[in-house]
Every structure is written in C-alpha cells, then in structure tokens.
Amino acid sequence: MKVSDHVLQRLREWDVDHVFAYAGDGINGLLAAWGRADNKPMFVQARHEEMAAFEAVGYAKFSGKAGVCAATSGPGAIHLLNGLYDAKLDHVPVVAIVGQTNRSAMGGSYQQEVDLLSLYKDVASDFCEMVTVPEQLPNVIDRAMRTAYAKRTVTAVIIPADVQELDYSPPTHAFKMVPSSLGMSRSEPVPSAPDLRRAAEILNAGEKVAILVGQGARGARAEVEQIAGLLGAGVAKALLGKDVLSDELPYVTGSIGLLGTRPSYELMQGCDTLLVIGSSFPYTQFLPGLDQARAVQIDIDPFMIGLRYPFEVNLVGDAAATLRALLPRLEQKKHGAWRKKIEQDTARWWEVMQRRAAVDADPINPEYVVHALDDLLPDDVILAADAGSSANWYARHLRMRGNMRGSLSGTLATMGPGVPYVIGAKFAHPGRPAIALVGDGAMQMNGMAELITAAKYWRDWQDPRLIVAVLNNQDLNQVTWEMRAMGGAPQFLPSQALPDVPYADFARSIGLAGVRVEKPGEVLDAWHQALAADRPFVVDFRTDPAVPPIPPHASLDQIEAAASAVLHGDSDRAGMIRQGVKAKVQEMLPGRRHRDDRPGAED
C-alpha cells in the first residue's frame, strides 16, 4: 500500500463518498491510487479548481457532511482558495487535499513551487499540515476531518508528490510516533442553569419580542416555532438561515438586512427584546438601536458569541438543546397587538411582492421571473442563488416550505458559486431537484463552463432536474445599483455592460436542454418546461436592468435620487420619472409615509 492508497482508504473510513477535484501532476500519485481503488471515493471532475471547492461547499451545506476537494500543487492549490474562503466564512466543514513538489526540490525555486503552508495558514488556520513521512498518517487525515467537523471550518493536508508514492508504514508504539483513531461523537452542549435562568428572566420581561435565526438554528425548527409561540414573537431570518423556518408561518417576517423585507426591518425597529439563535448577522444597523432592546444570544461557537449587539446574556450551546432547556422557564405571553401587527405587516409584504412582480418592465421584470417560480417549487427542492441582484429576488420572492433547502455565499458574497453549489447538492441528494438563480455576470464568469460538469454526470442522478435560471440583463446589476444608490453615480458602462450570450443554445450544444425567454407571457411556460425536463435545463430570461432592488429602509428621497441617476443625461425622461416615481413606489412598497391631502387618508 502506497501513502496515496492509505489516504483514500482513510477518507472512505471517514464516510467520504465524493471528492471534488481537478487533475495535475502534483497529485499523480493520488490519481493512480484512485484507479487502484475503483474510483472510491468518487473523483468528481470539475472544470476548474475553484469550482471544485464551491462544489465541496455546496455538498457540505446541503448534506451536513464534510466536503472534500483536491488539487495539484502551485496553480491548482491557488485556484482552490476562493471556494475555501467561502466555506471558512460561512462556517462549513471542508477538507482540502493538495499536492506539492517533491521534497528534494523544496526551496529550490522549482516549477510550480509555492509555499503552501504560508498560503493556506489563514484559510485553514485551525489545521494545515504537510505530510513528509508516511508515519504522519493516519493522524493528519483524522485531525483534518475531525477539526473540520468540530469547528465547522476549512482544513488542509499538503502531500508532496514523492511522498504520495512512498510505501505506507503506520506509526509504531514508539517515541515521537502519533497513533490515531477514527470518528467523533456528536455533542449537544447546554449552558448552565443560572445562565438559562437569566435569559428566561429577560425574555419573560419583554412585551415586544423579536427573534433572529441563522443557519445555526437549522436543527432546531420545532423548538424555534415553540418559543415563538410562547413569546408571541416575530421571527426574522438571516439569509443563511432562510430555510430554517417555513415562510408559510404568519409570524415569519422573512429575510433581514439590505436584501431583506420591510416587516423584518420594522420587527427590529419596534421590539423591546431580541433573541438571536445561531446567527452572526453582521449588519448592526438592521438590528434594534443599541439602547433599545434587551437581548439574548444562543450560539454553539464561543468565538462568535457576543458579537453585533450588546447582549445581556450570551448562551454557548447547541441551538435545539439550549432551547429545550430554556422553554420550561418561559411564560406564555398573550398574542396581542404586537403579534397581530407582525402578522399583518408580513401578509401585506407578500401582497406587495406580488404587486412588484406585476409591474411592467422591458422586456421582463426579474421579480416576476422569480415570483412566478414560487408557487411551482417542489417541496423538496434545493435552491442556490449567486451573488448579485439574483440574491435580492431569492431573498424576497421565494417562500420556503416543506423540506426545501436553500443557500448562497452568505459572508464572502462571492460571485460564481450558484451553479457549482447545485452540482454539489445533486451529489449529496441525487433524488432531489435543484435550482440555481444566477446573473449573467456569474454565468459568464464560470457558470457556463460548469454546465459541462452537469452534462458529464447528470445521468448518474435519480432525479435529473438541475435548473439554471439566468437573469440576463447585460449588466453587472448589483454593482450598478450600488453605484447609483450609494454614490449617486450613473452607470459606468465600460465596467458594467455585459455581452449578450445565448446561454440556452450553449446548454443544448452540450446535450442539455434550454430555452430563451423574451416576453413575460413565456415565463410560466418556461418554468413548467424546466421542471418537467428529463435532463439539466437552462432558462435564459431576458430581464430589465432598470428594476431596482430597493432596500427595506430606503426613503422616498433616496429612491427618487436613484431613479434620477438611472436616467442621467435624459432630462425629459428624468423629469417624467421624478413626477411619477413617488406614486409608483407607493404602489410597490409598504409602510412609506407620503403626502396625501385627502382628509383621513392613511398609508
């Protein structure tokens, strides 16, 4: 048995069934071992190492297991980094196995020699090790896997090419040898009774309770529903926690933050008590004023506790176990005006989303594209959104229900993971449909190439449906709107304009299916075609770049300024827009104060 054989064997013993990778001579020993191992764990060939890392992240997010990716030395290892940082920042367990030049060449400025220990010391800061002798195994693999799981982070194992080819010899019962063992048990830490008592006192004293959940609450759905019922609270969701609770619950206000909903914003602005569960949502301005609410946080990671808000009690523990211990200490609150307002605001918001989706656009309103999908979603669908304006519509128009899962690059907010995320998801759940919402910028960046990966493997999936919806507006739209809204600057075409690409034609050229949609009347039929397809399907929606992703806290003056900037240089049309924008926005947005001279007029 070679070192490379033992590495794959140990991965199998850790129940690793897929490795997302790209070949190179720095891992030739491992590639040969894959051949001897009958491709177990399965080598999933991406088109680029960054995509391999993203697929490992998507696999980990949607399976609950560690994602594993592999790449050659030098450029291959460098390419992995963006996907690995996505995993690190979103607290996802991913293990990277990378090659290195032969030990005899190290320090000699040899071809593709990169100081990988230095390069990876940040992204894999919890565990990064180079294997230089066979006896370091299996400890290095075990610690990489165990640390990734325990700390929900990235770890890295660097194996020089010549070491991969050495005969494997295990550590012996001797001085400076490190034996190892497999596996780790699941733990559910619970805070101490005095801390739980203090938290309960704060929550019981509150009259207007708001709850914010993140991805750390995903395993505590029943407990969160129960505590919201006891406290008469509304529940807002950080984007990474979008699938924690069903949006069919009337008190779930939806996403929070710049891409969030107006009811979530008002929930935080009106509460006197805040409970945060499993979230490190970073934008303090969308939370209550710092002296407005008493607050409690629950998080399993002691290094992420106490951030973002002046919490009175910081409970370190598993979300579900901690809530189960907390629930008997809480008093039932009457569901009065506070809860009624939350439910009314939320119901009104979904009506507003329907009206926004119905607004005419040229050629198609992107909000209508996503809103039309909402009613058609299978209850077991897996959703991914790419960075950009597509994330806005994912956050605001798709209602989670049933066993739906969804994610995006929440903290790194990088372009490009939408398509590889759903490919990773299909290897985790080959019997479930998956849908990626991506902008044309992300599709051109790497999504098109990764369709080739889908074309290579889709026949292995029990349910072949992998749908890529491209919001094709020939604009890097999110940055364009940020320029307008933040800086009051018009669109800078040399940086923002994108060429029109026939995405559906490309999909068909590689054996997939697809359709281009250029009229609103074609949208529903396209979604039905995609959801009924017998293979991966690309829908190229020609959407209007002038539909603004208006933030939930925007004032009418800000919206009018943005509209004026859009039409910079067209004074006649700008004047017309200025006259009509407030009436138009009033139709589209809830809760805005506006001038109305009629006696008794209300919002």
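**Salt bridges, strand pairing and buried cores**

The side chains of Arg-294 and Glu-312 form a salt bridge, with an N to O distance of 2.7 Å. Arg-294 belongs to strand β11 (residues 294-299), whereas Glu-312 sits in the loop between β11 and β12 (313-316), so the pair links parts that are 18 residues apart in sequence. Both partners are partly exposed: the relative accessible area is 37% for Arg-294 and 38% for Glu-312. The model is predicted.

In total, 34 salt bridges were counted. Another of these joins Lys-65 to Asp-17, with the closest N and O atoms 3.2 Å apart. Lys-65 lies in the loop between α3 and β3, and Asp-17 in the loop between α1 (3-13) and β1, so this contact ties together parts separated by 48 residues in sequence. Asp-17 is partly exposed, at 32% relative accessible area. A salt bridge also connects the side chains of Glu-518 and Arg-516, at 3.6 Å from N to O. Glu-518 is partly exposed, with a relative accessible area of 44%. Arg-516 is likewise partly exposed, at 27%. Elsewhere, salt bridges link Arg-186, Glu-188, Glu-223, Asp-318 and Arg-324 in a network. Side chains of opposite charge can pair when their charged atoms come close.

Strand β3 was examined next. Five of the five residues of β3 (residues 67-71) are buried, so the strand is largely enclosed by the rest of the structure. Gly-67, Cys-69 and Ala-71 point one way from β3, and Val-68 and Ala-70 point the other way. Strand β1 (residues 18-21) runs parallel to β3 and is joined to it by two bridges. Here Ala-21 stands opposite Ala-70. Strand β4 (residues 94-100) also pairs with β3 in the parallel sense, over five bridges. Val-95 in β4 is the bridge partner of Val-68. Between β3 and β4 the chain passes through helix α4 (residues 75-89), and this β-α-β crossover is right-handed.

The largest nonpolar core contains 60 residues. Within this core, Leu-80, Leu-84, Val-94, Tyr-120, Met-443 and Val-468 touch the most other members. Helix α3 (residues 49-63) gives the most to the core, with nine residues. Beyond four places in sequence, the contacts of Val-468 are Val-419, Ala-436, Val-438, Met-443, Leu-451, Phe-537, Val-538 and Val-539. A separate core has 38 residues, among them Leu-373, Val-381, Ile-467 and Ala-533.

Two residues of strand β18 were followed in detail. Val-538 is located in β18. With 1% relative accessibility, Val-538 counts as buried. Its C-alpha lies 7.4 Å from that of Val-470, although the two residues are 68 apart in sequence. Outside its neighbours within four places in sequence, Val-538 contacts residues including Leu-451, Val-468, Val-470, Tyr-503 and Ala-504. The list also includes Ala-507, Ala-513, Gly-514 and Val-515.

Asp-540 is found in β18 (residues 537-542) as well. Asp-540 counts as buried because its relative accessibility is 0%, and the cut-off for this class is under 20%. The side chain of Asp-540 makes a polar contact of 3.1 Å with the side chain of Asn-472. Leaving out residues up to four places away in sequence, Asp-540 touches residues including Val-470, Asn-472, Val-501, Pro-502 and Tyr-503. Ala-504, Val-515, Arg-516 and Val-517 are also among the residues touched by Asp-540.

Several backbone features fall in loops. A cis peptide bond joins Lys-40 and Pro-41, with omega about 0°. Pro-41 lies in the loop between α2 (28-36) and β2 (42-45). Asp-362 and Pro-363 are also joined by a cis peptide bond, again with omega about 0°. Pro-363 is in the loop between α12 (337-358) and α13 (366-374).

Positive phi values occur in residues other than glycine. Ala-413 has a phi near 50° and lies in the loop between β14 (405-407) and α15 (418-428). Ala-413 is partly exposed, at 46% relative accessibility. For Gln-474, phi is about 55°. Gln-474 lies in the loop between β16 (466-472) and α17 (477-487). At 28% relative accessibility, Gln-474 is also partly exposed.

Note on methods: Residues numbered from 1 in each chain as written. Predicted model: local features only at pLDDT ≥ 70, side-chain atom pairs only at ≥ 80, totals over all residues. Heavy atoms only, no water. Buried < 20%, exposed > 50% of the residue type's maximum accessible area, 1.4 Å probe, protein only. Helix = DSSP H or I, 4+ residues; strand = E, 2+ residues; numbered from the N terminus. Pairing = 2+ DSSP bridges. Right-handed = clockwise from strand over helix to strand, strands pointing away. Core = buried A, V, L, I, M, F, W, Y, C linked by side-chain atoms within 4.5 Å. Contact = heavy atoms within 4.5 Å. Polar contact = N/O pair within 3.5 Å; in protein donor to acceptor, adjacent residues only side chain to side chain. Salt bridge = Lys/Arg side-chain N within 4 Å of Asp/Glu carboxyl O.
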